[in-house]
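Let's read a structure together, one feature at a time. The learner asks, and the teacher answers.

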Amino acid sequence: GGTLGVAATRKGRMLHLDVTDSGEALPEARRAHVFEPYANADAQRGANLGLAIARGLLRSRGGDLSYRPRKDGNVFRIVLRVATGTR
């Protein structure tokens, strides 16, 4: 149970997509390692491969993926470069 939200904001040539949830924030000890593969591996949560791969792909294209906790959940921010012009 809980809610998911998505909000988009354009800042110059970058698009910021904030994906929020109303669940429990990640424990503080896990936050610094949220994008490291296998750092937080356990049977219930997996091995962090998805977040590590997604961040690597975004960064290879000039974007990023970041995390920040909220008092009532989590926020993952996806940053994408906006294409300009047409082909």
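**Reading the fold, step by step**

Q: Where should I begin: what share of the contacts between residues at least 6 apart in sequence join residues at least 24 apart?
A: Among contacts in the chain between residues at least 6 apart in sequence, 44% join residues at least 24 apart. Please keep in mind that this is a predicted model.

Q: Thanks! How many helices and strands are there in the chain?
A: The chain holds 2 helices and 4 strands. Following the sequence, you meet them in the pattern β-β-α-α-β-β.

Q: In what order do the strands of the sheet lie?
A: The 4 strands form an open sheet with the order 1-2-4-3, and the pairing is antiparallel. Strand 1 and strand 3 are the edge strands, each pairing on one side only. On average, neighbouring strands of this sheet are turned by 20 degrees against each other, direction ignored.

Q: And what packs on the sheet?
A: Helix 2 does, touching strand 3 and strand 4. The direction of helix 2 makes about 130 degrees with that of strand 3.

Q: Can we go through the pairings? Over how many bridges do strand 1 and strand 2 pair?
A: Here is the general idea for a strand: when it is regular, side chains alternate between the two faces of the sheet. In this structure, strand 1 and strand 2 (residues 14–21) pair over 8 bridges in the antiparallel sense. To find your place on the model, look for A8, whose bridge partner in strand 2 is L17. The hairpin of these two strands has 2 residues between the strands, and G12 takes a positive phi near 65 degrees there.

Q: What is on the other side, where strand 2 meets strand 4?
A: Strand 2 and strand 4 (residues 73–81) also pair in the antiparallel sense, over 8 bridges. A good marker is M14, with R81 as its bridge partner in strand 4.

Q: Back to strand 1: why does it lie largely in the open?
A: A residue counts as buried when its relative accessible area is under 20%. Strand 1 (residues 4–11) has 8 residues and the number buried is 0, so strand 1 lies largely in the open. For the whole chain of 87 residues, buried residues make up 25%.

Q: How do I read P69: where is its place?
A: P69 sits in strand 3 (residues 64–70). With a relative accessible area of 33%, P69 is partly exposed, because that class lies between the buried limit of 20% and the exposed limit of 50%. Leaving aside neighbours within four places in sequence, P69 is in contact with A25 and R31. P69 and L26 show how the chain brings parts together: they are 43 residues apart in sequence and 7.0 Å apart in space, C-alpha to C-alpha.

Q: Now for charges. How many salt bridges does a search of the whole structure find?
A: The general idea is that side chains of opposite charge can pair when their charged atoms come close. Here the search of the whole structure finds 4 salt bridges. One of them joins D72 and R70, at 3.3 Å from N to O. D72 is partly exposed at 42% relative accessibility, and R70 is partly exposed at 29%.

Q: Which residues are joined into one network by salt bridges that share partners?
A: They are R55, R59 and D64. R59 and D64 form a salt bridge with their closest N and O atoms 2.8 Å apart, while for R55 and D64 the corresponding distance is 3.8 Å. D64 is partly exposed, with a relative accessible area of 25%, and R59 is partly exposed too, at 46%.

Q: Last topic, the surface. Which residues make a nonpolar surface patch?
A: Y38, L49, I53 and L57 make a nonpolar surface patch of about 420 Å². L57 has its place in helix 2 (residues 49–60), and at 55% relative accessibility L57 counts as exposed.

Q: What does the accessible surface of the chain come to?
A: About 6,200 Å², and 54% of that belongs to carbon and sulfur atoms.

Note on methods
Residues are numbered from 1 along each chain as its sequence is written. This is a predicted model: local features need pLDDT of at least 70, side-chain atom pairs count only at pLDDT 80 or more; totals for chains, interfaces and linings use all residues. Side-chain values use heavy atoms; hydrogens and water are left out. Buried means under 20% relative accessible area, exposed over 50%, partly exposed in between (1.4 Å probe, protein chains only). Two strands pair if DSSP finds at least two bridges between them. Contact means heavy atoms within 4.5 Å. Patches are made of residues with over 30% relative accessible area and no salt bridge: like charges are joined within 9 Å, nonpolar side chains (Val, Leu, Ile, Met, Phe, Trp, Tyr) within 5 Å. Accessible areas come from the Shrake-Rupley method with a 1.4 Å probe; for residues, only the protein chains shown count as cover. A salt bridge is a side-chain nitrogen of Lys or Arg within 4 Å of a carboxyl oxygen of Asp or Glu. Axes are lines fitted to C-alpha atoms, for helices over the stretch in contact, and angles run from 0 to 180 degrees between N-to-C directions.
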